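Biologist: I'd like a close look at one small part of this model. Can you walk me through it in one go?

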Amino acid sequence: MQAYEFINNLIPPLKLTDKAKMALSWMEEIRTNVLPVVDNGNFLGFLTDDQIYTKNKPESKIAEFDLICPTCFVYFDKHIYDVIKVSSEFDINMVAVVDRDKKYLGVVTMEDAIGAFADTLSIQSHGAVLVLSMYMTDYSLFEIARIIESENAKILSSFISNDPLDDSKIKLTLKLDKTELRHIKATLERFGFKILDQYQEENNISEEQERIGNLFRFLNI
């Protein structure tokens, strides 16, 4: 699931010589509020409709604007995880994709990235999400998996992030193939692991809502 696989070819890059009114026309046509700007194959940043409306000069060239997020890009061979991570860091709904020479290849939208995750086994599979907090020195996925498997469950996916409540710790998010967590939690706690949170499936939630809900819980974004 590398970034280049999800490039959206329907989103055109702007050139510095293009005019603001054309940028707005493209944004309206493809229903977005932001477009990438490229010069000689190099990604320069993004232009938003708010910037154009604020300047209020439709004949202005793109070169006259201060572009945003010039470092909002990932290399083409990075995982789709990295696309969502960068998008979250910059609070923007698309991320540029470049080659190793930093030449522009295209953009991945968050809609496409989320769709990619929703189609993965770990998101589609029924199960629950468990969030643990621990010191990095105590982290051993092998040991945690061994404990969980002793309760006849398996880890489908795992994700590490910083613990917002304690900078010295990490937060480990696990997607499991079981919906009942009571015995798993008790066993983990018996081995000294701290449980921060859990998310279990509810029968009255549609499958599509479940997938998207689990995705955001899984990534904590």
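Biologist: Take Ile11: is it buried or exposed, and at what relative accessibility?

Modeller: Quick caveats before the answer. This is a predicted model, where local features need pLDDT of at least 70, side-chain atom pairs count only at pLDDT 80 or more, and totals for chains, interfaces and linings use all residues. Residues are numbered from 1 along each chain as its sequence is written, and side-chain values use heavy atoms, with hydrogens and water left out.

Now, Ile11 counts as buried, because its relative accessibility is 10%; buried means under 20% relative accessible area, exposed over 50%, and partly exposed in between, with a 1.4 Å probe and protein chains only. Ile11 sits in the segment before helix H1 (20–30); helices are DSSP runs of H or I with at least four residues, strands are E runs of at least two, and both are numbered from the N terminus.

What does Ile11 touch, leaving aside its neighbours within four places in sequence? Its contacts are Ile30, Leu35, Pro36, Met94, Val107 and Thr109, contact meaning heavy atoms within 4.5 Å. Take Leu35: it is 24 residues from Ile11 in sequence, yet the two C-alpha atoms are 7.5 Å apart.

Ile11 also helps line the second largest pocket, along with residues including Ile30, Met94 and Thr109. For the record, the search runs on a 1 Å grid over the protein atoms alone, and a pocket is an open set of points where a 1.4 Å probe fits, with protein on both sides within 12 Å along at least five of seven lines; lining residues have an atom within 4 Å of a point. This pocket holds about 200 Å³ of space, the volume being what is filled by probe spheres set on the points, which are joined across faces, edges and corners. Its lining divides into 5 nonpolar, 4 polar and 3 charged residues; Ala, Val, Leu, Ile, Met, Phe, Trp, Tyr, Cys and Pro count as nonpolar, Asp, Glu, Lys and Arg as charged, and the others, Gly among them, as polar. Helix H4 (residues 110–118) gives the largest share of that lining, 3 residues.

Further along the segment before H1, Lys19 pairs with Glu59 in a salt bridge at 2.8 Å, N to O, that is, a side-chain nitrogen of Lys or Arg within 4 Å of a carboxyl oxygen of Asp or Glu. Glu59 lies in the loop between helix H2 (49–55) and strand S3 (73–75), so the pair ties together parts 40 residues apart in sequence. Lys21 joins Lys19 and Glu59 in a salt-bridge network.
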